Amino acid sequence: MSSSDAEPTPEGAPHEGGGNGLLWVLVAAAVLFALVRPRAPMDYLRLVDWQTIGALAGLLAITQGVERSGMLQATAARLLARTHDLRTLVLLLAASAAVLSALVTNDVSLFLLVPLTRVLATQAHLPLARLVVIEALAVNAGSALTPIGNPQNLFLWHRSGESFLSFVAMMGPTVGVMLFWLFAAIWFGVPRIPIALKPSSEMAPVQPRLLALSGLLFVGFVIALDRHWLLAGLGVVFGAFLLLRPRVLLGVDWALLAIIALMFIDLRQLAELPAVATLLGGLPIGEGWRAYLAAIFTSQVISNVPATIVLDRFVHDLPALAAGVSVGGFGCVLGSLANLIALRLAKVPNGLREFHRLSIPFLLVCGASALLLRLA
């Protein structure tokens, strides 16, 4: 494993990891849809899931506050002082990502762990791109376990009428397969070599007031999201930073918000095409392994959350659909929004290339293993 990936791109510089190239592809697709199937301007705004965009905007701002407080640097230094080999560090980060994603959703766990991982790579020679890809794989796997781990599970849980524990029991075998292969890949693919620290530089002092402000805003914002007070939560977060620490808002990745908004616009228009509905309606994907494979394939094309909503009309096998869209988060970077969030937060060059180099084989192995488990 090369340590060349460890150098993060300077803040504000273009980077491929989630990429502005993808932004322009999505812009081009939106223009093409506008020419082929024009609609009123307000209709485009209705295609965007503003709850998701707003939640990400608030979390991005709070994450910037935590980073600028200096707490991540201090935490990274303590972690490196106690973890001396690369495999142990990767196992720790992957396990933390999987557990957190099951409890506080996949995107929130990434907002907590990826910035810390990026700081770790400034203090030691680490393969940052590979670490972040592993964390993205881990949150996709771990979040599939619980109804609250990701948006597609929440949708399916409400539709199913299952109890919380029944849903967990239904997803347990598939999640077990995904986590088994994840930790097997780490155990056999990551060498147990000493972590080489970089020359120590003077660490910025921890700013306890900024850290406390960011912590309070995080707790309040999560409560606001849970109670569907999005606008009030955003107003408090951005108002507090604007009044008290305006420089924090300069570091928000506005391009990521544009990418995800355009994904909603493009992918929902793609899913609405009459040809797509005709194709899905004519395929024998109602149950069993066909439903499972259809969910995986559709997730690769339009991401797993839209795929869940689209296929819900045609698939009547809840376990197959839930398993398929969970496994479908691997593979193509568009398979899950969590993949894009992880790569954008990492700010690494060659992020997309490294992601697909690991994620596509992982999709093939996990997809086949979970299918054999379902057929057994």
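Let's start with what lines the second largest cavity: 7 nonpolar residues, 1 polar and 1 charged. One thing to keep in mind as I go: this is a predicted model. The residues around that cavity are Met 263, Phe 264, Leu 267, Arg 268, Ile 302, Ser 303, Val 305, Pro 306 and Leu 337. Helix α12, residues 254-272, gives the largest share of this lining with 4 residues, and α15, residues 304-311, also supplies at least two. The space inside comes to about 70 Å³.

How many cavities of 30 Å³ or more does the structure hold? There are 2. The largest has about 90 Å³ of space, and its lining reads quite differently on the slide: 4 nonpolar, 3 polar and 5 charged residues. Going round it, you meet Leu 60, Thr 63, Gln 64, Glu 67, Arg 118, Gly 251, Val 252, Asp 253, Leu 256, Arg 344, Leu 345 and Lys 347. Here the largest share, 4 residues, belongs to α3. Along with α3, which spans 50-68, helix α17, at 337-346, supplies at least two lining residues.

Please hold on to two names from that lining, Glu 67 and Arg 118. Their side chains meet in a salt bridge, at 2.3 Å from N to O. This pair joins distant parts of the chain, with Glu 67 in helix α3 and Arg 118 in helix α6, 51 residues apart. Are these two buried or exposed? Glu 67 is buried, because its relative accessible area is 15%, and Arg 118 counts as buried too, at 10%.

In total the structure holds 9 salt bridges, and I'd like to show you a few others. Arg 39 pairs with Glu 272, and their closest N and O atoms are 2.9 Å apart. That is a link between distant parts of the chain again: Arg 39 sits in the loop between α1 and α2, Glu 272 sits in helix α12, and 233 residues separate them. Arg 39 is partly exposed at 25% relative accessibility, and Glu 272 is partly exposed at 40%.

Next come Asp 85 and Arg 192, whose side chains form a salt bridge at 3.7 Å, N to O. Both are in loops: Asp 85 between α4 and α5, Arg 192 between α9 and α10, 107 residues apart. The two partners have unlike surroundings, since Asp 85 is buried at 13% relative accessible area, whereas Arg 192 is exposed at 57%. There is also a network of salt bridges that links Arg 130, Glu 354 and Arg 357.

Now for the largest pocket. It holds about 1200 Å³ of space. Of the 35 residues that line it, Gln 51, Thr 105, Asn 150, Pro 151 and Leu 154 lie nearest its centre. Many helices take part, and those giving two or more residues include α3, α12, α15 and α17, names you have heard already. By class, the pocket lining has 19 nonpolar, 12 polar and 4 charged residues.

Last stop, the surface. Which residues form a nonpolar patch there? They are Val 31, Leu 32, Leu 35 and Val 36, with about 420 Å² of accessible area together. Val 31 belongs to helix α1, residues 20-36, and is partly exposed, with a relative accessible area of 45%.

That's my tour, and I'm happy to go back to any part of it.

Methods:
Residues numbered from 1 in each chain as written. Predicted model: local features only at pLDDT ≥ 70, side-chain atom pairs only at ≥ 80, totals over all residues. Heavy atoms only, no water. Patch = residues over 30% accessible without salt bridge, like charges linked within 9 Å, V, L, I, M, F, W, Y side chains within 5 Å. Areas by Shrake-Rupley, 256 points an atom, 1.4 Å probe, with all protein chains shown as cover. Salt bridge = Lys/Arg side-chain N within 4 Å of Asp/Glu carboxyl O. Buried < 20%, exposed > 50% of the residue type's maximum accessible area, 1.4 Å probe, protein only. 1 Å grid on protein atoms, 1.4 Å probe; cavity = no way out; pocket = protein on both sides within 12 Å on 5 of 7 lines; lining within 4 Å. Points joined across faces, edges and corners; volume = space filled by probe spheres on them. Nonpolar A, V, L, I, M, F, W, Y, C, P; charged D, E, K, R; others polar.
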